[in-house]
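Here's a walk through this model, going from the overall fold down to a handful of individual residues. Have the viewer open as you read.

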Amino acid sequence: MRRVTPSRIALWLVACVTLVFAAGAFAQQRAGAASGSEHLAMLAERTAKSYLQVAQGLLASRSRRAVRESVREFDALLPRVGALAADAEARENFVLLGLLWKELRSWAHKPPTRDNARAVSERAEEVSWIASKGARLLGTQGSAQRAGLTAMRAATLAQRIARLYLLDRMGAMDARRVNDLSEAKSGLAATLTTLVAGPHDGGVDGELQMARSQHDFLVSAMRDYDAAHSAAAMEVIAKTADNIADSMERAARLYEAPPA
């Protein structure tokens, strides 16, 4: 029998330690994979929402910047999240997401006419749906990951509500989108209630309080818009949707941060 020398034992130990660290790093990457995919859904909604705002002359300068930033962020995040797909179905989903995103990104660079705005919104719906499906396929492990995904889902719903109201302002709603808006409204309220009722620390609590406060303003603005279709109410809807999404994005990071 061949004798195992101390030097070979040391090499094996180094290899084992390396594998342990690599596995740990991969596990840490996967920890936020589902919420990362839902983040892509939110970015698709935000891209379309901001484009619609530009087309309607609403917060135009800020909205142009938001379109550019959302596109850059989506481009950077998609390959990172897609690389964590562990099975064939998830990988195929992210391939499809990439193809749909290229089409949406191309439309988002076109002049912001009303017809182009409708096309951007339609393509954003496809991208958002496939990205949310990717989040379900990637799955979550543990309460922290589930809470992080739930927070990002709230961010997506906030952006969707504003996008659909902007479509309504253009006269481009139909029965399906009216139903989508109703589901997004009830879904956002229920999601925020779930997060508040669940376990969370002081940092997350601050973001939840901010989101709940902004949600109150959003509900009031939606009521005002439904009554009078005023530009002022639409602007409040747009701003509060962004504020909720930003708070929920920060909350997701806090939920999924490794213990200190």
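Let's start at a loop: L59 sits between α2 and α3. This is a predicted model, and L59 comes out with a positive phi of about 50° although it is not a glycine. For background, most residues other than glycine have a negative phi. H229 is another such case, with a positive phi near 55° in a residue other than glycine. You'll find H229 in the loop between α8 (202-228) and α9 (231-256). H229 counts as partly exposed because its relative accessibility is 47%, which falls between the 20% and 50% cut-offs.

Zooming out, the protein chain has nine helices and zero strands, so the pattern along the sequence is simply α-α-α-α-α-α-α-α-α. Of the 260 residues in the protein chain, 45% are buried. Among contacts with a separation of 6 or more, 78% link residues 24 or more positions apart.

How far can you trust the coordinates? The mean pLDDT of the protein chain is 90, and 88% of its residues reach 70 or more. Residues 8-28 are another story: pLDDT stays under 50 there, and the model has six contacts beyond four places in sequence for that stretch. Where pLDDT is low, the predicted coordinates should not be read in detail.

Now for a helix pair. The axes of α2 and helix α5 (residues 114-138) come within 7 Å and cross at roughly 170°. That crossing angle is why α2 counts as roughly antiparallel to α5. On the α2 side, the contact includes A33, A34, S37, L40, A41, A44 and A48, and on the α5 side it includes V120, A124, V127, A131 and A135. By type, the residues of this contact divide into 16 nonpolar, six polar and two charged.

N116, in helix α5, is one of the residues in that contact, and so is Y51 of α2. Leaving out residues up to four places away in sequence, N116 touches Y51, W107, K110 and P111. L138 of α5 also belongs to the α2 contact, and L138 is 8.0 Å from L84, C-alpha to C-alpha, with their positions 54 residues apart in sequence. L84 itself is in the loop between α3 and α4 (88-108).

G98 is found in helix α4. Its C-alpha lies 9.1 Å from that of G82, and the two are 16 residues apart in sequence.

Last comes Q56, in the loop between α2 (33-55) and α3 (60-82). Which residues does Q56 touch, not counting those up to four places away in sequence? They are L166, R169 and M170. With L166 there is a specific polar pairing: the backbone oxygen of L166 lies 2.9 Å from a polar atom of the Q56 side chain.

Several of the residues just met are buried, and here they are side by side:

| Residue | Relative accessibility | Class |
|---|---|---|
| L84 | 9% | buried |
| G98 | 14% | buried |
| N116 | 14% | buried |
| Q56 | 17% | buried |

Why does Q56 count as buried? Its relative accessible area is 17%, and buried means under 20%, so Q56 falls in the buried class.

Terms used
Residues numbered from 1 in each chain as written. Predicted model: local features only at pLDDT ≥ 70, side-chain atom pairs only at ≥ 80, totals over all residues. Heavy atoms only, no water. Helix = DSSP H or I, 4+ residues; strand = E, 2+ residues; numbered from the N terminus. Buried < 20%, exposed > 50% of the residue type's maximum accessible area, 1.4 Å probe, protein only. Polar contact = N/O pair within 3.5 Å; in protein donor to acceptor, adjacent residues only side chain to side chain. Contact = heavy atoms within 4.5 Å. Axes fitted to C-alpha atoms, helices over the stretch in contact; angles between N-to-C directions. Parallel < 35°, antiparallel > 145°, perpendicular 65-115°, else oblique. Nonpolar A, V, L, I, M, F, W, Y, C, P; charged D, E, K, R; others polar. pLDDT = per-residue confidence, 0-100.
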